[in-house]
Structures are given as C-alpha cells and as structure tokens.
Amino acid sequence: MADTTSSAPACDVDGTCYCPLTGVIDTLSRKYAMQLVSIIGAHDSLRFAEIEEHLPTASTSTISKRLDEFEEAGLVSRTQYNEIPPRVEYALTADGDEIRLRLEPLLEWATENS
C-alpha cells in the first residue's frame, strides 16, 4: 500500500505555514510553563524555593520537570554554586526572555478580557 501521508508542511488558506510553532506550543502548553517564564523573567535569577513560593499550587515535581524541559530547550539556564548548602539559580536565556516579551501582549489581553 502506498504512503498517503504528505511530507509538505500544512499551511493556512493564505499560505502561512504554522509548522515552526509546533515545538513552541508543545513547550508552552504544558502546565505552569507560561507562568514559569513570566516569574523567572521578572527577576534576574531565582532559586528553586523562590520559584515554588510564586506557584503555591504547583507540585515540586511539576516545577522541576518544567525547569528541566526549559533548560533542554535552551530557555532557562541553571547555575549551580559549589557552596554548602548547595545553591542553584535559574534565569532566562536570551531565547527565554524573547518568549517572555512575546507573551506580554497575551497576558495584557487576558487581563483585560477576564
């Protein structure tokens, strides 16, 4: 049987291809993802416990998972200091900050329309 799947990208009626958004949407649609971008972006850097304080309804494992995903995607940098007790800080990378800036109009719209 012949392969009937199309290898060409799916485009909108006007020819706009939304394929590049797939990875971004997959990352940002996860639970607490957009909130984490906003929270971390509002500070130079934050420790894990400080992030947890900003998201009291989020579980520790969910926050940890999102931070790992963001680090892998290049949106967050993780800096570990060799101190006792150990200290780890999270900050947005240039790409993470760009996403934060792009999310601001969406946040403004959501605030106005809620």
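**A tour from Arg 66 outward**

Select Arg 66 to begin: this residue is buried (under 20% relative accessible area, 1.4 Å probe, protein chains only), at a relative accessible area of 8%. The model is predicted, local features need pLDDT of at least 70, side-chain atom pairs count only at pLDDT 80 or more, and totals for chains, interfaces and linings use all residues. Residues are numbered from 1 along each chain as its sequence is written, and side-chain values use heavy atoms, with hydrogens and water left out.

Next, add Glu 69. Its side chain meets that of Arg 66 in a salt bridge, 2.8 Å from N to O; the term means a side-chain nitrogen of Lys or Arg within 4 Å of a carboxyl oxygen of Asp or Glu. Both residues lie in helix α4, three residues apart, about one turn of the helix. Helices here are DSSP runs (H or I, at least four residues), numbered from the N terminus.

Now add Arg 30. Glu 69 forms a salt bridge with Arg 30 too, with 3.8 Å between the closest N and O atoms. This pair links distant parts of the chain, 39 residues apart: Glu 69 is in α4 (residues 60–73), and Arg 30 is in the loop between α1 (21–28) and α2. Arg 30, Arg 66 and Glu 69 are thus selected together as a network of salt bridges.

Move to Arg 87 and Glu 83. Their closest N and O atoms are 2.9 Å apart, in another salt bridge. The structure holds seven salt bridges.

Finally, show helices α2 (residues 33–41) and α5 (residues 94–112), which pack at about 110° with axes 9 Å apart. Axes are lines fitted to C-alpha atoms over the stretch in contact, and angles run from 0 to 180 degrees between N-to-C directions.

Conventions. Helix = DSSP H or I, 4+ residues; strand = E, 2+ residues; numbered from the N terminus. Buried < 20%, exposed > 50% of the residue type's maximum accessible area, 1.4 Å probe, protein only.
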